[in-house]
Amino acid sequence: MRARQQRARRVVVVGGGHNGLVAACYLARSGWQTQVLEQSDKLGGGARTEELLPGHHFNTHSAAHNIINATGIVEDLRLRDAGLVYREMDPFSIAAFRDGTIVRFHRSVEATVESIAEVDRRAARRYAAWMRQAWPLVTAMRTMLDPGTGVTHRLRAMPGLVAAGGRALARNGGPVGLARTLLAPYGRVLREQFDTELVRAPVAAFAAHASASPQQVGGATFALWQAFYHQVGQWHPVGGSQALTDALATRLASYGGSWRVNTPVARILRTGPGTDRVAGVELADGTRIAADAVLTAIDPRSALLDLLDPPLTGPVADRLRAAGRGNAVQSLVLLATTGLPGYPQARPGDWNGLQSYVDSLESLSAGFAQAEAGHLPDDPVPTYAFTPTALDDSLAPPGRHTVYLACPCAPYEVRGGWDAAREEFADRMIATVEARAPGFTASVVDRVTHTPADMARQLHWPGAHPMHLDISLDQLAMLRPTPDLAGHRTPLTGLVVSGAGTAPVGGIAGLPGRDAAYALITGPPARGGPAGRRWP
C-alpha cells in the first residue's frame with residue numbers, strides 16, 4: 001500500500017528558479033517523490049551569482065530580497081540552517097543627485113524624515129504624512145498577497161486584514177478615495193503628494209523595479225510599496241543571490257528531492273490525445289519521464305501554450321494569450337572597480353542599498369515611453385546601482401568592489417538591434433554615475449554587459465521580462481496571470497503553474513512556488529476548477 005501511494009505521488013517540477021525550488025521543497029517535505037528539471041547549467045534562474053570576472057562574483061539579476069523575508073518561507077523551510085544568511089541594507093535606498101545632494105531612505109521612517117528635512121523640511125513633513133496614509137494600505141496588501149496555506153491561516157489573518165483595511169479606508173478618503181488612489185498611475189500619486197523631485201524621483205526609481213511606467217494606470221501600488229520597505233527592509237544574502245538558491249537545494253536534498261540541470265523539457269505530456277490529465281514530460285533528447293503531476297515554474301504562457309501537447313485551447317487559453325508583457329525591461333552593466341562610487345556628500349552606509357540616479361519623474365516617464373517605442377532612453381540614462389561588496393567582501397578580491405548598474409526602462413526590442421547599441425549604452429550608464437561620483441569611470445577595471453537580448457537568451461525569459469508578465473492591476477494577486485489560473489491549477493488534472501508570472505506576484509517572493517505546491521498537495525477542488533469554478 002505504501003509503495004502504491006509513493007508511485008501515485010511522483011511530480012516533476014519544470015524550472016529550477018527559486019519558485020520551482022520552493023515548490024519542490026514543500027512537495028518533497030509532504031512525501032512527494034520530487035524531481036526538478038532545469039534547462040540551464042545551474043539552478044537559480046534570476047537568483048544566481050556568477051564569477052563573471054576573475055575573483056568578482058555578480059548577481060546576474062536579483063540583487064536584493066525583501067518579499068520573501070515577509071512571508072515566513074525562510075523560517076518554515078529552515079533555510080538559515082541550510083546556510084542562508086541575510087544582512088540588512090539600511091539605508092535601503094539613497095538618491096544621489098547631480099548637484100551633490102543625497103537623500104537617504106532608512107528602514108526607520110523617522111530617520112528618513114530627518115534625512116529629507118536636512119534639504120527640505122516641507123517635503124519631510126509630507127513624506128511622514130504620506131507614510132501614515134500608505135502604511136495600513138500596504139499592511140492590508142501584505143495580508144492579501146500572503147494569505148498562507150489553509151483555512152486556519154486565513155481565519156487567523158482575517159482580523160488583521162479587516163483592521164488594516166479599515167484604517168486604509170479612513171486615511172485614504174473612504175472607498176471612493178481609496179479606489180481613486182489604487183487606480184492611479186504612480187506618477188500622478190507622487191506629483192500629488194510631493195512638489196519636489198527630492199522625494200518623488202527616488203521613490204519612482206524604486207517603483208520602476210516592477211518594469212512599470214509612471215504613467216501605467218493602476219500602478220500606484222508600486223509607489224505605495226515604499227511603506228513595505230520601511231516595514232520589512234531590504235536584505236542582502238551573504239554570498240549573493242545564489243545563497244538563496246543553494247540553501248533551497250540543500251533543503252530539497254534533505255527532504256529526499258532531486259534535480260537535474262542541462263535538462264530542457266520539450267513537451268508536457270497528457271495521458272492520451274485530448275485527455276485532461278497530465279502524464280509527465282518529454283525531454284529535448286526524447287527521454288520520457290512519467291509523473292502523476294507536473295508543476296511548471298516558468299513563464300505560464302510558454303508552459304501552457306508551447307510545451308503542453310497539445311496546447312491549451314478555449315477561453316482559458318485565450319485569456320492567457322492576451323496577458324500583457326511590455327517592451328520596457330532592464331539592461332545591466334556589471335562592473336569590477338577599485339572603489340565604491342565617490343559621492344561628494346557621502347556618509348557611511350550610503351552604499352548599503354539601492355543608489356538612485358534619477359533626477360526627475362519626467363525623465364523616467366520619458367524613458368519608459370521611448371522603450372515601448374523601441375528607442376533607448378535619452379541622457380542622463382535612468383539608472384540605479386547596487387554595491388553588494390559594501391556589505392559582503394566575499395564577492396570580490398581585497399581592495400576591489402562589484403557594482404551592479406541597471407536601467408529599468410531599456411527596450412527588449414530596440415531599433416537597430418542590441419549588438420550595435422550594447423557598449424555605447426553601457427558607456428552612457430557609467431557616465432550617469434560619473435556625473436554624481438566624479439572619478440568613478442577611472443575606478444572601473446573591467447565590465448560585463450547584460451542587455452535584454454542577453455538575458456532573454458541566457459535566462460530563457462520571453463521578452464527578457466524578469467516577471468514573465470507585467471505586474472499591472474489586472475495581472476496582480478487573484479488576477480495573475482488570469483483569474484482562471486490564479487489558483488495555480490489548470491484545466492488538466494495534475495498540472496499546476498508557478499513562477500514569477502503567476503499569483504500573487506513576481507520578484508524574489510517564493511509565494512508562487514509555495515502556493516502552487518499547496519494546490520497539488522490539497523488536490524483539485526470539488527467542482528474541477530479554482531475556487532469551485534467549473535472549467536469552460
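Mentor: Lys and Arg count as positive and Asp and Glu as negative, with His and the chain ends left out. The model discussed here is predicted.

Trainee: How far apart do the centres of the positive and negative side chains lie?

Mentor: The protein carries 52 positive and 47 negative side chains. The centres of these two sets are separated by 10 Å.

Trainee: What radius of gyration does the protein have, and what does the globule rule give?

Mentor: The secondary structure comprises 19 helices and 20 strands. For 536 residues the globule rule gives 24 Å, and the protein comes close to that, so it is as compact as a globular protein of that length. Its radius of gyration is 23 Å.

Trainee: What share of the residues counts as buried?

Mentor: A residue is buried when its relative accessible area is under 20%. The accessible surface of the protein is about 20,100 Å², and carbon and sulfur atoms hold 53% of it. Of the 536 residues, the buried share is 62%.

Trainee: Which helix gives the largest share of the largest nonpolar core?

Mentor: In soluble globular proteins, nonpolar side chains tend to be buried together. The largest core here has 139 residues, and those touching the most other members include Tyr 127, Trp 130 and Leu 405. Nine residues of this core, its largest share, come from helix 5 (residues 121-145).

Trainee: Which residues does Trp 130 touch, leaving aside those up to four places away in sequence?

Mentor: Trp 130 is among the residues that touch the most other members of the largest core. Its partners are Val 189, Leu 190, Gln 193, Phe 194, Val 203, Ala 223, Leu 224 and Gln 226.

Trainee: Where does Pro 310 lie, and what is omega for the bond from Asp 309?

Mentor: Most peptide bonds are trans. The bond joining Asp 309 and Pro 310 is cis. Pro 310 sits in the loop between strand 14 (308-309) and helix 14 (315-321), and omega is about -10°.

Trainee: Which residue precedes Pro 91 across a cis peptide bond?

Mentor: Pro 91 belongs to the loop between strand 5 (86-88) and strand 6 (93-96). The cis bond, with omega near 5°, reaches Pro 91 from Asp 90.

Trainee: Is Ser 211 buried or exposed?

Mentor: Ser 211 lies in the loop between helix 9 (197-207) and helix 10 (220-224). Although not a glycine, Ser 211 has a positive phi of about 55°. Its relative accessible area is 7%, so Ser 211 is buried.

Definitions and conventions. Residues numbered from 1 in each chain as written. Predicted model: local features only at pLDDT ≥ 70, side-chain atom pairs only at ≥ 80, totals over all residues. Heavy atoms only, no water. Helix = DSSP H or I, 4+ residues; strand = E, 2+ residues; numbered from the N terminus. Rg over C-alpha atoms; globule rule 2.2 N^0.38 Å. Buried < 20%, exposed > 50% of the residue type's maximum accessible area, 1.4 Å probe, protein only. Areas by Shrake-Rupley, 256 points an atom, 1.4 Å probe, with all protein chains shown as cover. Charge placed at Lys NZ, Arg CZ, Asp CG, Glu CD. Core = buried A, V, L, I, M, F, W, Y, C linked by side-chain atoms within 4.5 Å. Contact = heavy atoms within 4.5 Å.
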